[in-house]
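Student: I would like to learn how to read the disulfides, the sheet and the core in a model like this one. Where should we begin?

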Amino acid sequence: KYTACTCTSPYTWSNGACSCPSTYKYACTGTGYSGGSGTACGGKYTACTCASGYEWKSGACQKQAQNGAQGNLYYCNGKVVGVRATGMGFYVALRDLGQMDWNSANSQCSNYVFCSNVRGTLPTKDQLLYIYKYKSQINTLFSANGGTEMSNIFYWSSTYAGIWGYDYSSLYYNVNVAVGSAKSDSENNHYYVRPVLTSW
């Protein structure tokens, strides 16, 4: 007999026996796990390796937060921030920014953050007409993901339409998404605004 024992790694001598350190506490089994990290001690590990789509966080393999375009949805940190209909080449923000003049609309859309450094734009006339065309599908996606439906009213577009001779203000198109019609009006008038995401 001995006064103490030498233990094989990673066991340590404690309270008269070779035992696993308290840091070895993860079984690393279940959904999202692909195994243990490093050497096991008593069938447990200090950390786990995670399956694709999962990450080691706070002592568990947790589903990774989605970011970016995933089919008809655009994610930021796991939350849907934009939607698009099948066949559309851009995403639409979940909510209106309110009613405002054209210059305010253009500025607010250019500064609208979908995620991180991904910023929006004021939609073109053609993009608003696409929104009208696919409004039913888009509104369904809004409702399913915490957004608000496109109102049956006029929205500003970024498409220039000329100069208004009355006060020499610039004219821009706005689109009535209730009927799919477009008309031009002075930049000083107020219409609803909804940012879109055209590149990511």
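Tutor: Begin with the term itself: a disulfide is a pair of cysteine sulfur atoms within 2.5 Å. Keep in mind that this is a predicted model.

Student: How many disulfides does that rule give?

Tutor: The count is five disulfides. With bonded cysteines numbered along the chain, the pattern is 1-2, 3-5, 4-6, 7-8, 9-10.

Student: What is the handedness of the disulfide between C20 and C41?

Tutor: The sulfur atoms of C20 and C41 are 2.2 Å apart. The torsion about their S-S bond is about -100°, so this disulfide is left-handed. The pair links distant parts of the chain, 21 residues apart: C20 is in the loop between β2 and β3, and C41 is in the loop between β3 and β4. C20 is partly exposed, with a relative accessible area of 28%, whereas C41 is buried at 2%.

Student: What does the link of C28 and C48 look like?

Tutor: The S to S distance is 2.0 Å, and the link is left-handed, with -80° about the S-S bond. C28 lies in the loop between β2 and β3 and C48 in strand β4, so the pair ties together parts that are 20 residues apart in sequence. C28 is buried at 10% relative accessibility, and C48 is buried at 7%.

Student: Is the disulfide of C76 and C115 left-handed or right-handed?

Tutor: Its torsion about the S-S bond is about 70°, so it is right-handed. C76 lies in strand β8 and C115 in strand β12, so parts that are 39 residues apart in sequence are tied together. C76 and C115 are both buried.

Student: Which cysteine sulfur is nearest to that of C5?

Tutor: The nearest is that of C18, 5.6 Å away, and C5 is in no disulfide. The sulfur of C109 is 18 Å from the closest cysteine sulfur, in C76, which is too far for a bond. C109 is buried, with a relative accessible area of 0%, while C5 is partly exposed at 40%.

Student: Now the sheet. What is the order of its five strands?

Tutor: The sheet is open, with the order β7-β8-β9-β10-β18 and antiparallel pairing. β7 and β18 stand at the edges with a single partner strand each, so one side of each is left without a neighbour in the sheet. Inside the sheet, β8 and β9 pair over four bridges, and Y74 stands opposite G82 in β9.

Student: Which strands does α3 lie across?

Tutor: It lies across β8, β9 and β10, running at about 165° to β9. As background, an α-helix has 3.6 residues a turn, so residues three or four places apart point the same way. In α3, the buried residues are K135, I138, N139, L141 and F142. They cover an arc of only 160° around the axis, which puts them on the same side of α3. On the other side, S136, T140 and A144 are exposed. The buried residues pack against β8, β9, β10 and α2.

Student: Which residues touch the most other members of the largest nonpolar core?

Tutor: Of its 19 residues, these are V83, V92, I131, I138, F142 and M150. The elements giving two or more residues to this core are β8, β9, α2 and α3, and α3 gives the most, with three. A second, separate core of nine residues includes M100, A105, W156 and Y172.

Methods: Residues are numbered from 1 along each chain as its sequence is written. This is a predicted model: local features need pLDDT of at least 70, side-chain atom pairs count only at pLDDT 80 or more; totals for chains, interfaces and linings use all residues. Side-chain values use heavy atoms; hydrogens and water are left out. A nonpolar core is a set of buried Ala, Val, Leu, Ile, Met, Phe, Trp, Tyr and Cys residues joined through side-chain atoms within 4.5 Å. Buried means under 20% relative accessible area, exposed over 50%, partly exposed in between (1.4 Å probe, protein chains only). Two strands pair if DSSP finds at least two bridges between them. Contact means heavy atoms within 4.5 Å. Axes are lines fitted to C-alpha atoms, for helices over the stretch in contact, and angles run from 0 to 180 degrees between N-to-C directions. The arc is that of the directions from the helix axis to the C-beta atoms.
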